[in-house]
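User: I would like to learn how to read a structure feature by feature. Could we begin with the overall fold and then go down to single side chains?

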Amino acid sequence: MWPGRAGHGFVAAYTLLLIAFGVVPTVYAVYFAFTNAGDTFAGLSNFTAAASDFRFVPAITHIGLYLVFWLVSLVVFVVGLSLVLHRLAARPLSKVLRFVYYIPGALAGAASVMVWLFMLDPAVSPAGFLLRGLGYDTFAQVIAPGHLPILLTIIAFWTGAGGWIVVMYGALNNIPHDMIEAARIDGANAWQIARRIQIPLLRKWIVYMAILAFAGGTQLFVEPELLSQASNGVAGRDYSLNQLSYDFAFQNNNVNTAAAISVELLVIGLVVASVFVTRSGFFDAD
Amino acid sequence: MPTDLRRPPVPIYLREGARTTRGTRGRRRIPNPLAAILLLFFLLFFVVPVLWLVLAATKTDDQLISGNPLSFGSWHGLRANWDALTAYQGDTVFLWLRNSALYAFLALVITLAVAVPTGYALAMTEFRGRRTLLVATLIVMLMPSATLVVPLFLEINAVHLIGSMWSIILPYSFYPFGVFLTYIYFSTALPRDLLDAARLDGCSEFGVFRRVALPLAIPVVALVGFFSFVANWTNYFLPYVLLPQSDQFPVQVGLGTLLDNVPQFNPTAGTAAVERPELALATLLAITPVLLVFLFSQRFLVAGMLAGATKE
């Protein structure tokens with residue numbers, strides 16, 4: 001380590017970007033959240049205004065429900081699939097499957113919603129027979145608001161799971177084979193090895209995944225926004241908190257309440273982040 | 001700024017890593033039927049929608065409804081959809097694609113120019129404020145960035161930059177995850193002795209970085225570039241809020257505009273009606289660059305992983 005100005009030179013540009021697009025917007029959000037339209041201090045009134053809005057509690061409920069489905073499915077299926085792929089005797093097959101599972105990741109954002117608009121329309125979907133079998137004959141029936149937590153989970157899982165499977169697979173590879181071999185000699189079967197050795201050793205990665213997925217889930221925007229566009233209002237424009245914040249800012253011209261919602265989301269994100277940094281030991285220098 | 005937290009960032013030392021530590025001895029050769037069904041089900045789940053999308057672009061709207069969902073339409077149909085799509089508001093689709101390419105590429109260049117030296121300095125040098133910068137980066141990296149979109153709008157509005165392409169590109173360029181990745185890479189994979197040797201040979205600090213550290217960091221540079229490009233190309237919320245005009249939209253936001261003009265999804269769609277197969281084709285065009293980057297970087301990424309894995 002050497003002291004110096006060189007270090008500052010290397011980080012100067014990044015520091016500027018960090019201030020401009022990390023620190024300043026955060027400060028700005030806090031400022032707006034605690035002032036009113038006349039730029040005077042408003043205490044918590046923007047927060048109570050947001051909380052007492054008739055759309056606020058439903059939006060929180062929606063996000064909460066979605067997060068439950070999304071996190072459970074992610075942990076169960078990603079860990080399950082990774083373990084199965086890892087045990088697969090045919091290595092090339094395992095590799096091909098991992099890559100194929102990874103492909104929908106290229107369809108992140110609006111593209112994935114477009115695909116699923118079609119997949120969820122019984123008239124054109126290749127799974128139309130399934131949807132009709134479940135009693136849904138029209139697109140509007142399929143995307144009824146009550147179904148959205150599951151549908152949004154499917155979309156998110158479809159685009160995101162493949163990448164996590166690759167990560168988990170890599171983490172499984174890093175478990176020393178001797179350990180698995182020893183357990184096998186002691187008579188452990190596949191299930192016992194997974195439960196007693198592999199899953200505990202993956203714990204750090206599972207926590208990492210769950211926390212990033214949680215933070216990502218709270219900022220849902222494009223999926224419900226486009227679904228509501230496509231369903232002509234069957235799914236509302238105020239489904240998620242970010243949509244609500246957007247609506248306050250640009251439909252109601254109430255940037256202060258919009259900022260209050262942003263600040264709440266930031267606080268959630270910050271709490272999750274700090275829990276993660278301090279408790280998981282993930283960033284401990286290695 | 002645009003880290004999509006649903007998508008997993010893959011640390012360099014994972015992925016395909018340490019394959020040598022495990023053998024194949026003692027594995028069961030008979031596949032478990034339950035496992036096979038699970039793998040097959042998810043294979044269909046991940047593949048069929050992509051396959052459907054590709055095929056849909058070759059059909060007419062009638063074929064989409066009446067035909068087998070997984071059948072090929074015709075080359076003629078593909079041509080007709082292409083013509084109809086490109087005729088939409090006179091080449092707007094290409095304009096959107098060009099915008100996406102411009103934003104994602106410029107942001108990529110800035111991201112790399114900014115993030116790699118920063119990661120290097122954080123890992124290999126000591127300077128005042130280093131710890132603060134590191135902690136701030138970790139926090140911002142994990143903070144849900146979409147929640148900053150509305151405040152970012154207010155900030156950019158305050159400096160009268162709404163509508164400028166830099167209002168998109170500069171926030172894209174701020175990529176703390178890239179800094180984190182390069183920081184991890186330099187602090188785990190680059191021996192300090194190497195730098196000291198170069199310094200003894202008379203290299204300046206910048207020379208050490210450019211001649212020694214940077215060439216060794218190619219895998220992580222590619223990885224950061226890959227994630228940054230994909231994240232920026234697929235971002236929706238920020239340009240949706242910040243760009244007022246259709247001719248400035250990137251293709252992601254453009255898809256939303258097209259969706260608005262599909263009568264089956266929006267009965268009030270006006271005269272600029274868009275047929276569903278055209279929307280499918282537009283989606284296909286929108287994802288092609290990302291798909292290509294995926295395919296080409298596959299090998300390179302795996303090689304990068306192995307380089308890091310030897311550390312374990």
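Analyst: Take contact range to begin with. In chain A, 64% of the contacts between residues at least 6 apart in sequence join residues at least 24 apart. For chain B, 75% of the contacts with a separation of 6 or more come from residues 24 or more positions apart. Keep in mind that this is a predicted model.

User: Which secondary structure elements does chain A contain, and how many?

Analyst: Chain A has 13 helices and zero strands. Its C-alpha trace spans about 75 × 70 × 30 Å along the principal axes. Chain B has 14 helices and zero strands.

User: What share of each chain is buried?

Analyst: The cut-off for buried is a relative accessible area under 20%. In chain A, 56% of the 286 residues are buried, and in chain B the figure is 58% of 312 residues. The surface can be read by atom type as well. Chain A exposes about 11,300 Å², with 68% of it supplied by carbon and sulfur atoms. Chain B exposes about 13,000 Å², and there carbon and sulfur supply 65%.

User: How do I read the cover of a single helix, and what covers the buried residues of H11(A)?

Analyst: Count the buried residues, then list what touches them. Helix H11 of chain A, residues 222-230, has nine of its nine residues buried. Among them are the charged Glu223(A) and Glu225(A), as well as Leu226(A) and Leu227(A). The cover includes helices H5, H7, H8 and H12 of chain A, together with helices H12 and H13 of chain B. Just after H11(A), Asn232(A) takes a positive phi of about 60°.

User: What does the length of helix H11 of chain B tell me?

Analyst: Compare the expected span with the distance between the end C-alpha atoms. H11(B), residues 218-233, has 16 residues, so at 1.5 Å a residue it should span 22 Å; the end C-alpha atoms are 22 Å apart, which agrees. As for cover, 13 of the 16 residues of H11(B) are buried.

User: How should I read charged side chains?

Analyst: Side chains of opposite charge can pair when their charged atoms come close. The cut-off for a salt bridge is 4 Å between a side-chain nitrogen of Lys or Arg and a carboxyl oxygen of Asp or Glu. Over all chains the count is nine salt bridges. One of them joins Arg55(A) and Asp53(A), at 2.9 Å from N to O. Both partners are buried: Arg55(A) has a relative accessible area of 10% and Asp53(A) has 16%.

User: Which residues are linked with Asp53(A) and Arg55(A) in a network of salt bridges?

Analyst: The network also takes in Glu225(A), Arg237(A) and Asp247(A). Glu225(A) is one of the buried residues of H11(A).

User: Where does chain B show a pair within one helix?

Analyst: An α-helix has 3.6 residues a turn, so residues three or four places apart point the same way. Arg199(B) and Asp196(B) are three residues apart in helix H9 of chain B, residues 192-200, and therefore about one helical turn apart. Their closest N and O atoms are 2.9 Å apart, in a salt bridge. Arg199(B) also meets Glu205(B) in a salt bridge of 3.2 Å. Arg199(B) is buried, at 18% relative accessible area, whereas Asp196(B) is partly exposed at 37%. Glu205(B) is partly exposed too, at 22%.

User: What is the nearest side chain of opposite charge to Arg130(B), and how far away is it?

Analyst: Arg130(B) lies in helix H5 of chain B, residues 130-142. Glu126(B) is its nearest opposite charge, at 4.4 Å; Arg130(B) is buried yet has no salt bridge. Apart from neighbours within four places in sequence, Arg130(B) contacts Leu122(B), Thr125(B) and Tyr183(B).

User: How do I read a loop residue such as Ser71(B)?

Analyst: Place the residue, then check accessibility and partners. Ser71(B) lies between helix H2 (61-66) and helix H3 (75-87) of chain B. Its relative accessibility is 24%, so Ser71(B) counts as partly exposed. A polar atom of its side chain lies 2.8 Å from the backbone oxygen of Asn68(B). Leaving out residues up to four places away in sequence, Ser71(B) touches Leu55(B) and Lys59(B). The C-alpha atoms of Ser71(B) and Ala56(B) are 8.5 Å apart, with the two positions 15 residues apart along the chain.

Terms used: Residues are numbered from 1 along each chain as its sequence is written. Chains are lettered from A and ligands numbered from 1 in the order in which they are written. This is a predicted model: local features need pLDDT of at least 70, side-chain atom pairs count only at pLDDT 80 or more; totals for chains, interfaces and linings use all residues. Side-chain values use heavy atoms; hydrogens and water are left out. Helices (H or I, at least four residues) and strands (E, at least two) are DSSP runs, numbered from the N terminus. Buried means under 20% relative accessible area, exposed over 50%, partly exposed in between (1.4 Å probe, protein chains only). Contact means heavy atoms within 4.5 Å. A polar contact is a pair of N or O atoms within 3.5 Å; within protein, one must be able to donate a hydrogen and the other to accept it, and residues adjacent in sequence count only if both atoms are side-chain atoms. The expected span of a helix is 1.5 Å times one less than its number of residues. Accessible areas come from the Shrake-Rupley method with a 1.4 Å probe; for residues, only the protein chains shown count as cover.
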